[in-house]
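Biologist: Please take a close look at the largest pocket of this model, and at the helices around it. Which element gives the most to its lining?

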Amino acid sequence: ILVKALMVATALTAPWAALAVANLLLLGALLLVYEYAITLGWSPRDAILTTAFILLAPQAYMFSTAYSESTFLFFLAAAMLAFRKERFVLSAAACAILSATRPPGLLLAVFFLQQIVQRYGWNGACRFWRQPAVYLPLAALPLGLFGYMWFAYAQTGDAFIHSTVVSHGWGYVPDWPWRNALAHLASGDPARIFLFTLSGVYAWC
């Protein structure tokens with residue numbers, strides 16, 4: 001949608017518009033991450049280092065390509081920052097777009113639940129009717145995914161078209177993480193082994 005809007009507003013072709021959107025959202029995401037770090041009480045230096053580490057990750061080049069990684073990061077940071085600032089309606093809107101961008105966005109529910117329990121305790125968290133606005137992001141989180149699945153079904157007749165394409169086109173199927181790790185290491189492909197090892201070292205550090 002964003003790429004199409006940029007194409008209409010400018011004379012850019014689809015590939016250039018997609019690259020422009022990805023890099024603009026990456027810049028916006030880094031600013032939001034910086035602001036989030038500041039709200040945690042971190043120093044400006046530590047906040048800048050946080051954004052730098054994001055860019056230094058082995059897979060960070062994906063943020064500048066015509067994929068949804070930078071879009072996901074932008075709305076993830078926006079949802080978390082808005083929640084921290086108690087702008088729950090804005091956080092809910094970002095959550096809906098987040099899950100429409102990528103299904104793993106649903107995992108943000110863990111963050112919200114942790115924040116709610118931390119603020120109100122277990123008893124307060126269970127009495128959700130006393131602070132209904134706090135639960136707006138949680139309620140909105142699956143809406144984007146459901147909307148995307150409805151659109152996919154209306155267009156293709158398959159609500160899980162993404163999984164279908166990934167499975168039949170690329171041969172990727174859900175599996176336990178350690179089995180995927182062993183598959184990468186046993187592939188015999190030097191590039192895959194190097195990137196996987198580098199990612200492990202980066203995560204460990």
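Modeller: In this predicted model, helix H8 gives the most to the lining of the largest pocket, with 5 residues. The pocket itself has a volume of about 2,300 Å³, and of the 46 residues that line it, those closest to its centre are Tyr 67, Ser 68, Glu 69, Arg 102 and His 162. Besides H8 (161-170), the elements that give two or more residues to this lining include H1 (2-9), H2 (14-39), H4 (69-84) and H5 (88-101). Sorted by class, the lining has 28 nonpolar, 14 polar and 4 charged residues.

Helix H4 deserves a further word, since besides lining the pocket it gives the most to the largest nonpolar core, with 8 residues. That core has 24 residues, and Phe 83, Leu 108, Phe 111 and Phe 112 have the most contacts inside it; H2, H5 and H6 (108-126) also give two or more residues to it. Phe 83 touches, among others farther than four places away in sequence, Phe 111, Phe 112, Ile 116, Val 134 and Pro 137. Because 13 of the 16 residues of H4 are buried, this helix is largely enclosed by the rest of the structure. From its first C-alpha to its last H4 reaches 23 Å, close to the 22 Å expected at 1.5 Å a residue, and just after H4, Glu 86 takes a positive phi of about 60 degrees.

Technical notes: Residues numbered from 1 in each chain as written. Predicted model: local features only at pLDDT ≥ 70, side-chain atom pairs only at ≥ 80, totals over all residues. Heavy atoms only, no water. 1 Å grid on protein atoms, 1.4 Å probe; cavity = no way out; pocket = protein on both sides within 12 Å on 5 of 7 lines; lining within 4 Å. Points joined across faces, edges and corners; volume = space filled by probe spheres on them. Helix = DSSP H or I, 4+ residues; strand = E, 2+ residues; numbered from the N terminus. Nonpolar A, V, L, I, M, F, W, Y, C, P; charged D, E, K, R; others polar. Expected span 1.5 Å × (residues − 1). Buried < 20%, exposed > 50% of the residue type's maximum accessible area, 1.4 Å probe, protein only. Core = buried A, V, L, I, M, F, W, Y, C linked by side-chain atoms within 4.5 Å. Contact = heavy atoms within 4.5 Å.
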